[in-house]
Amino acid sequence: MKLKKSIGAIFVFALAAALLLSACGGGSAKPPSGSQTTGGSDASGNAGTEQSASPEFITLRTSTKKNCTSTPWVVGETQGIFEKHGIKIEYTGETDENLAAVLNGTNDFDVDSPGTLAQQYAEGTDIIGVAFNQVDPDTDDIDRKYQHMRFYVSPDSGLNEIADLQDFNGGGEITISGVGSSNCLTFIPQQVLKNHGLDPERLAFVGYDSDTAAVQLVTQGDLDIAGIHPPFYYLAEQEGLKLLFDSRDSGLGAATGAEVFYFTQDFVGEHPDWIQRFTDAITESQKWGLEHPDEAVTLTGEYIGTTVNAVHYFYNGGNVSGDVPSKLIQPWINDLVDYGVLDEGQVSVTDIFDARFINSLDID
């Protein structure tokens, strides 16, 4: 995979961009992992009032989710879904080291792409996926506003459809917002180009600070393509940018936008009942958001403090057909094998995802 920073000094903030993917050290004062206290902070990272917990409540800690993936968190809180399942989510603040925070016990869980989990497993990291967060629509019948990402270009680019990329820039490199590897920013556009017979090696990924920054770079003529997440589509449209393609053009269906909630394997082994309650709660919150799209948009916009005209499409326990883990995860493993990051057969779906919890959902 070719990862370039073709625009050296412009918004090259790789760590900050990582916030868009999930998106979007442990101190002695932290409660023990899975502590049954309900003190902590709300999803904006603001400290809550300490209070006594009912014995049936558990607290699960994760990084602050005040970004483009905020919908199920604000829904879970405002609609009482977390409370119904006996869970208090404690948000420990924003961090560029989500995985490290889980491994060192600062947090109990977080979320990432199937590709990242596969790479981490291959390196011997003690994590396992248990539930799904975002997915892409599994059928063409779903409104394209729910696609995980859209990709915009300047109206002056001469690009009107994907096929126009064949001769764009004389057949040379195409600069596009993105950073890292095997995440939505890189995986999706590469799969789109491959699906249309174009060479994904032409994509030169440029680190950037935010979707807003990517829009600005294209508007200024400093970037060819901006990859934008749903809450910020309106920014590209306000600036008059042209939609060139979206994640449905990858041809991979639901897997294209997949993200996985993970814990350490030890934590799952010690607390399978807690994992089931979390899986039920977060999946029910995601289901509510899809069933109440207008309310979900309003709540998300208020939550992250910006205008929102669409939200992500989330797994709801029934909107992906077939063998769900294989359907959502295997294409990401295949991609890593294709690029030589993994050997054939080195990582399997069952190595990085424990399906028993989504197979035993108990939600309204």
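The legends below describe close-up views of a predicted model.

**View 1. The open sheet of strands E3, E10 and E4.** Three strands make up this open sheet, arranged in the order E3-E10-E4, and their pairing is antiparallel. Strand E3 (110–112) and strand E4 (128–132) occupy the edges with a single partner strand each, so one side of each is left without a neighbour in the sheet. From one strand to the next, the twist averages 45°. Strands of a sheet pair through backbone hydrogen bonds, in either a parallel or an antiparallel manner. Here, E4 and strand E10 (residues 260–263) run antiparallel and are joined by four bridges; on the E10 side, valine 260 is the bridge partner of phenylalanine 132.

**View 2. The aromatic pair of tryptophan 73 and phenylalanine 261.** The whole structure contains 16 aromatic pairs according to the search, and the one shown here is formed by tryptophan 73 and phenylalanine 261, whose rings are edge-to-face, with 6.0 Å centre to centre and 80° between the planes. Because tryptophan 73 lies in helix H2 and phenylalanine 261 in strand E10, the pair ties together parts that are 188 residues apart in sequence. Tryptophan 73 has a relative accessible area of 1% and is buried, and phenylalanine 261, with a relative accessible area of 0%, is buried as well. Both residues belong to one aromatic cluster, which is formed by Trp73, Phe82, Tyr91, Phe109, Phe261, Phe263, Phe267, Trp274 and Phe278.

**View 3. Surroundings of arginine 150 in strand E5.** Arginine 150 is placed in strand E5, which covers residues 150–153. Is this arginine buried or exposed? Its relative accessibility is 13%, and because buried means under 20% relative accessible area, arginine 150 counts as buried. The side chain of arginine 150 makes a polar contact of 3.4 Å with the side chain of tyrosine 152, and another polar contact, of 3.2 Å, links the side chain of arginine 150 to that of glutamate 237. When residues up to four places away in sequence are not counted, arginine 150 touches Arg144, Lys145, Ala226, Gly227, Ile228, Tyr233, Glu237, Leu243, Phe245 and Asp246.

**View 4. Helix H11 and the helices against which its buried residues pack.** Helix H11 (residues 293–304) has 12 residues, which at 1.5 Å a residue should span 16 Å, and the end C-alpha atoms are 16 Å apart, in agreement with that expectation. The buried residues of this helix are Ala296, Val297, Leu299, Thr300, Gly301, Tyr303 and Ile304, and the buried residues of H11 pack against helix H2 (71–78) and helix H10 (272–291). An α-helix has 3.6 residues a turn, so residues three or four places apart point the same way. Just after H11, glycine 305 adopts a positive phi of about 75°.

**View 5. Leucine 290 in helix H10 and its contacts.** Leucine 290 is found in helix H10, where this residue is buried, with a relative accessible area of 16%. Although 144 residues separate leucine 290 from tyrosine 146 in sequence, the two are 9.8 Å apart in space, C-alpha to C-alpha. Neighbours within four places in sequence being left aside, leucine 290 is in contact with Tyr146, His312, Tyr313, Phe314, Asn316 and Asn319.

Terms used:
Residues are numbered from 1 along each chain as its sequence is written. This is a predicted model: local features need pLDDT of at least 70, side-chain atom pairs count only at pLDDT 80 or more; totals for chains, interfaces and linings use all residues. Side-chain values use heavy atoms; hydrogens and water are left out. Two strands pair if DSSP finds at least two bridges between them. Helices (H or I, at least four residues) and strands (E, at least two) are DSSP runs, numbered from the N terminus. Axes are lines fitted to C-alpha atoms, for helices over the stretch in contact, and angles run from 0 to 180 degrees between N-to-C directions. Buried means under 20% relative accessible area, exposed over 50%, partly exposed in between (1.4 Å probe, protein chains only). A polar contact is a pair of N or O atoms within 3.5 Å; within protein, one must be able to donate a hydrogen and the other to accept it, and residues adjacent in sequence count only if both atoms are side-chain atoms. Contact means heavy atoms within 4.5 Å. The expected span of a helix is 1.5 Å times one less than its number of residues. Rings of Phe, Tyr and Trp (its six-membered ring) pair if their centres lie within 6.5 Å; planes under 30 degrees apart count as stacked, over 60 as edge-to-face and the rest as tilted.
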